[in-house]
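Open the model in your viewer, switch to a cartoon view, and keep a selection box at hand. We will move from stop to stop.

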Amino acid sequence: MQVQPYLFFDGRCEEALDFYREKLGAEVIMMMRFKEMPASEGHAIAPGSEEKILHATFRIGDSLIMASDGMNGGQPKYEGFSLTLSVADDAEAERIFALISEDGQVQMPIGPTFWTSRFGMAADKFGVGWMVNVEQK
């Protein structure tokens with residue numbers, strides 16, 4: 001059994017996938033647009049949504065994350081959770097934190113804590129919460 005996050009970007013999924021590719025080296029494993037949904041499913045596609053992402057799976061490091069444009073309704077709210085990026089050293093933590101927080105909102109600047117040499121929290125430009133943490137050996 002696995003637990004995998006599923007993020008709904010309300011119309012900005014392709015932009016988010018491009019951002020995660022550029023900033024985190026994400027690899028898109030699978031992507032399907034609304035226009036590719038079989039007509040036999042009987043779901044109406046909202047006009048203008050044909051090119052939007054129905055479903056995508058992407059990999060960051062060893063983790064799989066799923067994503068969609070969902071109902072394409074506007075700005076989603078990501079509350080009550082964050083995705084954690086565990087990195088090997090301080091330099092990588094600083095680098096990744098700067099990239100993921102670009103055009104986003106820093107919630108806790110990256111720095112030393114009592115449990116690790118570097119930890120920081122930020123919401124990216126899509127509102128997804130991230131924590132960057134140096135793994136202790």
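What follows is a tour through two sheets, two helices and a few single residues.

**Before you start**

This is a predicted model, in which local features need pLDDT of at least 70 and side-chain atom pairs count only at pLDDT 80 or more, while totals for chains, interfaces and linings use all residues. Residues are numbered from 1 along each chain as its sequence is written, and side-chain values use heavy atoms, with hydrogens and water left out.

**Stop 1: the sheet with β1**

Please select β1 (6–8), β2 (27–33), β3 (53–60) and β4 (residues 63–68). Strands here are DSSP runs of E with at least two residues, helices are runs of H or I with at least four, and both are numbered from the N terminus. These 4 strands form an open sheet in the order β1-β4-β3-β2, and the pairing is mixed. At the edges are β1 and β2, each pairing on one side only. On average, neighbouring strands of this sheet are turned by 20° against each other, direction ignored. Such angles run from 0 to 180 degrees between N-to-C directions, with axes fitted as lines to C-alpha atoms, for helices over the stretch in contact.

Zoom in on β1 and β4, which pair in the parallel sense over 3 bridges. Two strands count as paired if DSSP finds at least two bridges between them. For a landmark, pick F8, which stands opposite S68 in β4.

**Stop 2: D10 and α1**

Next, select D10, in the loop between β1 and α1 (13–24). Its phi is near 45°, a positive value in a residue other than glycine. Most residues other than glycine have a negative phi.

Now show α1 itself. This helix lies across β2, β3 and β4, running at about 10° to β3.

Within α1 you will find K23. Is K23 buried or exposed? K23 is buried, because its relative accessible area is 8% and buried means under 20% (exposed is over 50%, partly exposed in between, with a 1.4 Å probe and protein chains only). Show side chains here: that of K23 makes a polar contact with the side chain of E22 at 3.2 Å. A polar contact is a pair of N or O atoms within 3.5 Å; within protein, one must be able to donate a hydrogen and the other to accept it, and residues adjacent in sequence count only if both atoms are side-chain atoms. Not counting residues up to four places away in sequence, K23 touches I96, L99 and E102, where contact means heavy atoms within 4.5 Å.

**Stop 3: α2**

Follow the chain to α2 (90–101). This helix has 12 residues and reaches 16 Å from its first C-alpha to its last, close to the 16 Å expected at 1.5 Å a residue; the expected span is 1.5 Å times one less than the number of residues. At the start of α2, a side-chain oxygen of D89 reaches to within 3.2 Å of the backbone nitrogen of A91.

Colour A93, I96, F97, I100 and S101, the buried residues of α2. Seen down the helix axis, they fall within an arc of 115°, so they line one face of α2; the arc is that of the directions from the axis to the C-beta atoms. They pack against α1, β5 (83–87), β6, β7 (119–123) and β8 (129–134).

Centre on A93, buried at 0% relative accessibility. Leaving aside neighbours within four places in sequence, A93 is in contact with V87, I110, R118, V132 and V134. For a long view, add M37: the C-alpha atoms of A93 and M37 are separated by 40 Å.

After α2, select D103, in the loop leading to β6 (105–111). D103 is not a glycine, yet has a positive phi of about 65°. D103 is also exposed, at 62% relative accessibility.

**Stop 4: the sheet under α2**

Finally, show β5, β8, β7 and β6, an open sheet of 4 strands in that order with mixed pairing. The edge strands are β5 and β6, each pairing on one side only. Neighbouring strands of this sheet are turned by 15° against each other on average, direction ignored. Look back at α2, which lies across β5, β6, β7 and β8 and runs at about 170° to β6.

Which way do the strands pair, parallel or antiparallel? β7 and β8 are antiparallel over 5 bridges, whereas β5 and β8 are parallel over 5 bridges. To line these up, pick A123, whose bridge partner in β8 is G129, and L83, which stands opposite W130 in β8. Last, turn β5 around: L83, L85 and V87 are on its covered face, T84 and S86 on its uncovered one.
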